[in-house]
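Colleague: I have a model open and would like to go through it with you. Can you put it up so we both see it?

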Amino acid sequence: MTATIIDGKAFAARIREQVATEVARIKAAGVTPGLAVVLVGEDPASAVYVRNKGKQTVEVGMESFEHRLPADTSEADLLALIAQLNADPAVHGILCQLPLPDHIDADKVLAAIDPAKDVDGFHISNVGLLATGQKAMVPCTPLGCLMMLRDHHGSLSGMDAVVLGRSNIVGKPMAQLLLGDSCTVTIAHSRTRDLADVVRRADIVVAAVGRPQMVPGDWIKPGATVIDVGINRIDAGIKDDGTPRTRLVGDVDFDSCAAVAGAITPVPGGVGPMTIACLLANTLTACCRAHGLDEPE
Ligand code: NDP
């Protein structure tokens with residue numbers, strides 16, 4: 001293996017420490033940042049994320065408000081809860097865990113969140129602010145990726161970046177951020193022709209496709225930086241007690257890519273921890289803006 005492993009877990013721990021220090025500072029001034037997380041239904045992966053978010057929110061000294069609603073919650077009831085959280089001065093950030101059940105229109109729910117409390121950065125106002133290079137709430141996963149890239153490279157100016165995936169929550173905002181840092185950005189997706197050749201041109205590859213180990217090492221330009229956003233659970237044999245064993249893998253084939261890349265994020269321990277750390281940082285920012293306090297850098 002030649003690649004430097006970018007340690008998202010350690011980086012995220014440093015961010016959480018900085019957030020905790022800032023939280024202590026503003027608490028001394030009488031303000032406690034609060035994050036409300038809304039989970040509708042029983043999706044097991046979402047339940048794990050929500051639990052981790054709540055735990056880490058408390059660990060940095062913020063208030064955590066968890067709202068777990070049954071899967072058959074009506075859209076009207078969910079919108080009523082969002083309205084209540086929008087009006088609650090103790091709540092500075094609101095996150096509605098996706099995916100929502102099919103009978104609820106996710107776009108409508110995201111549009112109902114006060115943009116100033118939209119710590120996920122999915123409200124159309126924040127999407128527009130980001131796209132026009134203005135001060136926005138930036139989606140946490142791409143923000144975490146950008147922070148790791150800046151930390152590793154310093155300036156990204158002029159680099160060729162390929163983003164695999166064009167979702168609203170990862171691919172598109174990632175492309176906007178890289179463009180904002182003066183990369184030459186290509187967004188690839190399931191209809192892209194000659195994907196391997198497209199990826200081979202890139203100095204930076206961000207993979208967010210949701211397909212286990214899809215990107216092989218021979219797609220990677222030697223020395224490129226590979227950011228693996230994917231979180232996929234795959235079968236990994238049978239345990240001694242006869243039950244199935246699973247493990248998490250990313251969207252890139254780690255071993256073959258690490259043999260060619262200059263730097264790579266692991267799964268787990270790369271983008272995942274950075275996402276939650278950025279959520280806490282966004283909540284702190286939202287709180288400072290709400291109270292006219294100096295924003296952390
Ligand atoms: P989506 O399913 O919303 O989007 C996947 C994108 O990948 C689509 O744009 C799709 O193209 C593209 N795609 C799918 N198959 C191919 C293919 N064979 N070749 C090229 N492009 C392809 O996924 P998300 O963006 O929500 O998530 C992507 C991954 O990131 C998932 O593994 C998810 O679990 C993970 N994730 C991780 C987070 C973290 O904190 N680390 C947070 C959020 C997501 P098209 O548009 O044409 O269909």
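Modeller: We can go through the domains, the sheets and the ligand shell. Keep in mind that this is a predicted model.

Colleague: Fine. Which domains does the assignment give for the protein chain?

Modeller: Domain 1 covers 29-120 and domain 2 covers 140-274. Their centres, taken over C-alpha atoms, are separated by 27 Å.

Colleague: And what does UniProt place at residues 139-289?

Modeller: The unreviewed UniProt entry has "domain: Tetrahydrofolate dehydrogenase/cyclohydrolase NAD(P)-binding" there. In the model, that span is 36% helix and 22% strand, and its end C-alpha atoms lie 17 Å apart.

Colleague: Sheets next. What is the strand order in the open sheet of 3 strands?

Modeller: The order is 3-2-4, and the pairing is parallel. Strand 3 (63-69) and strand 4 (93-96) each have a single partner strand, so one side of each is left without a neighbour in the sheet. On average, neighbouring strands here are turned by 15 degrees against each other, direction ignored.

Colleague: How many bridges hold strand 2 and strand 3 in their pairing?

Modeller: There are 7 bridges between strand 2 (residues 34-40) and strand 3. One example is V38, whose bridge partner in strand 3 is H67.

Colleague: Which strands does helix 3 lie across?

Modeller: Helix 3 (residues 75-87) lies across strand 2, strand 3 and strand 4. Relative to strand 2, helix 3 runs at about 180 degrees.

Colleague: Now the open sheet of 6 strands. What is the order there?

Modeller: That one reads 1-11-8-7-5-6, with parallel pairing. Strand 1 (4-5) and strand 6 (184-188) are the edge strands, and each pairs on one side only.

Colleague: What joins strand 7 to strand 8?

Modeller: Strand 7 (residues 204-207) and strand 8 (residues 225-228) run parallel and are joined by 4 bridges. V205 stands opposite V226 in strand 8.

Colleague: And helix 7, where does it lie?

Modeller: Helix 7 (residues 171-180) lies across strand 5 (160-164), strand 6 and strand 7. The angle between helix 7 and strand 6 is about 170 degrees.

Colleague: Switching to the ligand. Which residues come nearest?

Modeller: G165, S167, S190, G210 and T275 come nearest, out of 26 residues around the ligand.

Colleague: How do the shell residues divide into nonpolar, polar and charged?

Modeller: The shell has 10 nonpolar, 12 polar and 4 charged residues.

Colleague: Last one. Where does the largest share of that shell come from?

Modeller: From helix 10 (residues 271-290), which supplies 3 residues.

Conventions:
Residues numbered from 1 in each chain as written. Predicted model: local features only at pLDDT ≥ 70, side-chain atom pairs only at ≥ 80, totals over all residues. UniProt positions renumbered as here; feature names shortened; annotations may be inferred. Helix = DSSP H or I, 4+ residues; strand = E, 2+ residues; numbered from the N terminus. Near = placed C-beta within 6 Å. Nonpolar A, V, L, I, M, F, W, Y, C, P; charged D, E, K, R; others polar. Domains from an automatic or database assignment. Pairing = 2+ DSSP bridges. Contact = placed C-beta atoms within 7 Å. Axes fitted to C-alpha atoms, helices over the stretch in contact; angles between N-to-C directions.
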